[in-house]
Amino acid sequence: MWPVLCKLIQELQMLAELSPSSKSLSHALSLLHLQVQEAMLTGESVPVSKHLHAAPPAASLGDRRCMCYSATAVVSGQAQGVVVATGDSAEIGQINKMVNTVGDSPLQRWWPSLRVLC
C-alpha cells in the first residue's frame with residue numbers, strides 16, 4: 001500500500017489498495033483498467049470499472065464512475081486521482097454523521113424497563 005502522509009484537498013495521489021480519501025479521476029493524469037470494490041457504499045457485489053469522464057452533477061453515488069471514494073478498495077488497475085474530500089467531508093464521513101445523529105432504537109428505549117421486571 002502507498003504510504004499516505006498528508007491528505008490535502010487537491011493533492012494528487014496514487015490510488016492504493018484501500019483509499020484513505022475521496023478522489024476525482026476526471027482530473028487524473030493516468031488511469032489503467034481501474035476496478036474498485038464499492039460494496040460498502042453502494043451495496044454492489046462486483047467491482048466497478050472507473051473512467052476519466054466527468055459525471056453530471058446530479059448523478060447518483062453509484063453512477064459517478066470518475067470518483068474513487070474513501071473506504072473503498074482498489075481490486076485491479078492503476079490510477080492517480082486528485083483528493084476532493086477527507087474525513088467527514090467524504091461520503092463515508094457523511095454516512096457516519098447520519099448514523100451518529102439517529103436517536104435511541106426501540107430496543108434501547110425498552111431495555112431499562114426490562115431490567116426492572118427481572
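Buried means under 20% relative accessible area, exposed means over 50%, and partly exposed is whatever falls in between (1.4 Å probe, protein chains only). That wording comes up in nearly every panel below. This is a predicted model, where local features need pLDDT of at least 70 and side-chain atom pairs count only at pLDDT 80 or more, while totals for chains, interfaces and linings use all residues. Residues are numbered from 1 along each chain as its sequence is written, and side-chain values use heavy atoms, with hydrogens and water left out.

**Figure 1. The whole chain, with 3 helices and 6 strands.**
Helices (H or I, at least four residues) and strands (E, at least two) are DSSP runs, numbered from the N terminus. Read from that end, the order of elements is β-β-β-α-β-β-β-α-α. The chain has 118 residues, and 29% of them are buried. A contact here means heavy atoms within 4.5 Å. Taking contacts between residues at least 6 apart in sequence, 65% join residues at least 24 apart.

**Figure 2. Glu38 and Lys50, a salt bridge between two buried residues.**
A salt bridge is a side-chain nitrogen of Lys or Arg within 4 Å of a carboxyl oxygen of Asp or Glu. The structure holds 2 of them. In this one, the closest N and O atoms of Lys50 and Glu38 sit 2.5 Å apart. Lys50 is in the loop between S4 and S5 and Glu38 in the loop between S3 and H1, so the pair ties together parts 12 residues apart in sequence. To place Glu38 more exactly, its loop runs between strand S3 (31–37) and helix H1 (39–42). Glu38 has a relative accessible area of 1%, so it counts as buried. Setting aside neighbours within four places in sequence, Glu38 is in contact with Gly43, Val48, Lys50, Met67, Tyr69 and Thr72.

**Figure 3. Glu91 and Arg64, a salt bridge from helix H2 to a loop.**
The side chains of Glu91 and Arg64 meet at 3.5 Å, N to O. This pair links distant parts of the chain, with Glu91 in helix H2 (residues 91–100) and Arg64 in the loop between S4 and S5, 27 residues apart. Are these two buried or exposed? Neither label fits: Glu91 is partly exposed at 28% relative accessible area, and Arg64 is partly exposed at 24%.

**Figure 4. The largest pocket, with about 160 Å³ of space.**
On a 1 Å grid over the protein atoms alone, a pocket is an open set of points with protein on both sides within 12 Å along at least five of seven lines, and lining residues have an atom within 4 Å of a point. Grid points are joined across faces, edges and corners, and the volume is the space filled by probe spheres set on the points. The lining is made up of Ser22, Ala55, Arg64, Cys66, Met67, Tyr69, Val84, Ala85, Ser89, Ala90 and Glu91. By class, that gives 7 nonpolar, 2 polar and 2 charged residues. Here Ala, Val, Leu, Ile, Met, Phe, Trp, Tyr, Cys and Pro count as nonpolar, Asp, Glu, Lys and Arg as charged, and the others, Gly among them, as polar.

**Figure 5. Cys66 and Cys68, two buried cysteines.**
Cys66 sits in the loop between strand S4 (48–49) and strand S5 (67–68). Its relative accessibility is 6%, so Cys66 counts as buried. Cys68 is buried too, at 0%. How many disulfides are there? With a disulfide taken as a pair of cysteine sulfur atoms within 2.5 Å, the count is 0. Cys66 and Ala55 are 11 residues apart along the chain, with their C-alpha atoms separated by 6.6 Å.

**Figure 6. Ser76 in strand S6 (residues 73–85).**
Ser76 is partly exposed, with 30% relative accessible area. Beyond its neighbours within four places in sequence, Ser76 is in contact with His33, Leu34 and Gln35. Ser76 and Val36 are 40 residues apart in sequence, yet 7.2 Å apart from C-alpha to C-alpha.

**Figure 7. Ala71 and Gly93, a loop residue and a helix residue.**
Ala71, in the loop between S5 and S6, has a positive phi of about 75° although it is not a glycine. Ala71 is partly exposed at 26% relative accessibility. Gly93 belongs to helix H2 and is buried at 6%. The C-alpha atoms of Gly93 and Ala71, 22 residues apart along the chain, are separated by 9.7 Å. Not counting residues up to four places away in sequence, Gly93 touches Gly87 and Asp88.

Key: On a 1 Å grid over the protein atoms alone, a cavity is a set of points where a 1.4 Å probe fits but cannot get out, and a pocket is an open set with protein on both sides within 12 Å along at least five of seven lines; lining residues have an atom within 4 Å of a point.
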